Amino acid sequence: MQKKVRITVVGSGYVGLVAAACFAEIGHDVICVDNDQSKIDALKGGACLIHEEFLPELLDRHRNGRLQFSANLAEATAGSDAIFIAVGTPQSDTGDADLSYVEAVASEIARHLTHYTVIVEKSTVPVYTNEWIRRTLERNGVERGMFDVVSNPEFLREGTAVRDFLHPDRIVVGSDKQEAADVLSAIYAPLTDGTYFDGESAIPGPLNTNTPAPILHTSTKSAEIIKHASNAFLALKISFINAVSNLCEATDANVEQVASGMGLDSRIGGRFLRPGIGYGGSCFPKDVAAFRSVADALGVDFSLLREVESINIEQQKRFLRKIRSALWTLRGKKLGVLGLAFKGGTDDIRDSPAIALIQMLIEEGCTVCAFDPAGMERAHAVLPVSATMSYAADAYEAAMEADALLILTDWDEFCDLDLNRIKLNLRYPTVLDGRNLFDPKTVSGAGLTYVSVGRPTAH
Ligand code: UGA
């Protein structure tokens, strides 16, 4: 019989909401707290708030059962064994992570703590944050023996968040106290001993396997660094393959063949070697900057991270130059755009390279008609409808009378487009694909000029 833990998750964003739903799914009693009452009301009323596969199903299964929603952190604190802090840590002007939300939550927890509780950092935070949380609680009058602070970074990806949470490559628990580490071990036991999979998990794993997840116990500071180092390393892999793709373009080699050849070496691995228009999203750009900033503050030379960032920025500009060289001049050109989200499978447009490119194109005098299967509603806030910006009901409408069609997000469903229909709708038969979704031969076979990333251009 698994031990049921009473958990509070503070924050109902991507990480908080997914974690809360998944903790309930593996058998715990969970309260998801947010200080935005309208969000709480919406969640209580049956809304999901974010586009995430399997999340609506989990919320429906556990809402009003093991999963409660509340705006009252005081009440939640009083009844919890563990409190996960999953609030935002946005980038400040200096590149550092802005930890003011984390501090505010820690102060509020301090005011309501009545019994021993494990405070867990779930948000991505720089090394030493656990110490600041500890000091914040002590400064607010909480005795040292009443709490421990543990780092339990989250590695889920948007779009596959629920699957990643329930079928993780690893669970990292950074704790300097055994008692606190034991609470975390009990929370994750259904995943680490595999008992969760004995039940009826409706959520298939990445390879449809129900392998128990390994748990790694480390010091708190190591766990904090593991999170930043992992994201920075993945960003480095992407920048590396983007730089290689530029070399491929200069030599007429094919980056896909190069990436396959590299990836078959198990020391390198084939994942995160897809070139494109640069990484985006709410994590990699912010986390690479924050990790660099941590190194700077500690006097450690990590200028490699600057290169990762500058290759990423250059990759976007390079795609803009490709559009310009395909169309000669940009002023007055009408462009169809497929994709607004920072990657396929999500409605998240934060730090999306697609949005940045559209803004640059509009500045250069183009008009844009865009389509995204999930990101259009959020995109309206940053790219309102105007004389130069419009939205289409589907991909074919976006292509209508356009001088070229741009593919900026890797949505699976774009791979199934009828290229003959696209060609008929376009004014000029040109497709610039920033995500390498098609085989160049197929597109050129349909009579379209096709420009992609790191692969020989097909005419
Ligand atoms: C990333 C990490 O992958 C997660 O492990 C981590 O938990 C999360 O950040 C976080 O810190 O919260 P996410 O930002 O959701 O997850 O998305 P990714 O799938 O990592 O993609 C990030 C960006 O890299 C996207 O713009 C994507 O298009 C781009 N990318 C990814 C590439 O350009 N090439 C690739 O081969 C892979």
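## Close-up views of a predicted model

**View 1. Positions listed as binding site.** For "binding site", an unreviewed UniProt entry lists F155, L156, R157, E158, K227, F272, L273, R274, P275, G276, G280 and K343. These positions span 189 residues in sequence, and the farthest two C-alpha atoms are 23.9 Å apart, so they do not all gather at one spot. The coordinates shown in this and the following views belong to a predicted model. The protein averages a pLDDT of 95, and 98% of the residues score at least 70. For the complex, the predictor gives an ipTM of 0.99 and a pTM of 0.95.

**View 2. F155, one of the listed binding-site positions.** F155 sits in the loop that runs between β6 (147-151) and α7 (161-166). Is F155 buried or partly exposed? The residue has 16 other C-beta atoms within 10 Å and is therefore partly exposed, since being buried takes 20 or more. Residues up to four places away in sequence aside, F155 touches D164, P168, D169 and S230.

**View 3. G276, another of the listed binding-site positions.** The loop between α11 and α12 holds G276. G276 has 26 other C-beta atoms within 10 Å and is therefore buried. Which residues does G276 touch, not counting those up to four places away in sequence? They are G434, R435 and V453.

**View 4. The annotated active site, C283.** The feature "active site" is placed at C283 by UniProt, in an unreviewed entry. C283 is found in the loop between α11 (255-263) and α12 (284-297). Because 21 C-beta neighbours lie inside 10 Å, C283 counts as buried. When neighbours within four places in sequence are left aside, C283 is in contact with T124 and N231. C283 is also among the closest residues to the ligand.

**View 5. The shell around the ligand.** How many residues surround the ligand? There are 20, and the closest are E158, R274, Y279, G281 and C283. Of these closest residues, E158 and R274 also appear in the UniProt "binding site" list. By class, the shell has ten nonpolar, five polar and five charged residues. Helix α10 (residues 220-251) gives the most to this shell, with three residues. At least three residues of the shell come from each of domain 1 (6-218) and domain 2 (228-307).

**View 6. Domain 1 and domain 2.** The protein is divided into domain 1, residues 6-218, and domain 2, residues 228-307. The C-alpha centres of the two domains lie 28 Å apart. Ten residues from domain 1 and eleven residues from domain 2 take part in the contact. On the side of domain 1 that touches domain 2, the residues divide into four nonpolar, four polar and two charged.

**View 7. The surroundings of G11.** G11 has its place in the loop between β1 (6-10) and α1 (14-25). Is G11 buried or exposed? With 25 other C-beta atoms within 10 Å, G11 is buried. Not counting residues up to four places away in sequence, G11 touches G16, D34, A86 and V87. From G11 to D394 the separation is 383 residues in sequence and 34 Å in space, taken C-alpha to C-alpha.

**View 8. Residues 336-440, a span annotated in UniProt.** An unreviewed UniProt entry assigns residues 336-440 the annotation "domain: UDP-glucose/GDP-mannose dehydrogenase C-terminal". In the model, the span is 30% helix and 18% strand. The C-alpha atoms at its ends lie 19 Å apart.

**View 9. Y128, a residue with positive phi.** Y128 is not a glycine, yet its phi is positive, near 90 degrees. Where is the place of Y128? Y128 lies in the loop between β5 (117-121) and α6 (129-139). Y128 counts as partly exposed because 14 C-beta neighbours lie inside 10 Å.

**View 10. N436, a residue with positive phi.** Although N436 is not a glycine, its phi is positive, at about 50 degrees. The loop between β13 (430-433) and α18 (440-445) contains N436. There are 19 C-beta neighbours inside 10 Å, so N436 counts as partly exposed; being buried takes 20 or more.

Definitions and conventions. Residues numbered from 1 in each chain as written. Predicted model: local features only at pLDDT ≥ 70, side-chain atom pairs only at ≥ 80, totals over all residues. pLDDT = per-residue confidence, 0-100. UniProt positions renumbered as here; feature names shortened; annotations may be inferred. Helix = DSSP H or I, 4+ residues; strand = E, 2+ residues; numbered from the N terminus. Buried ≥ 20, exposed ≤ 12 C-beta atoms within 10 Å, placed from the backbone. Contact = placed C-beta atoms within 7 Å. Near = placed C-beta within 6 Å. Nonpolar A, V, L, I, M, F, W, Y, C, P; charged D, E, K, R; others polar. Domains from an automatic or database assignment.
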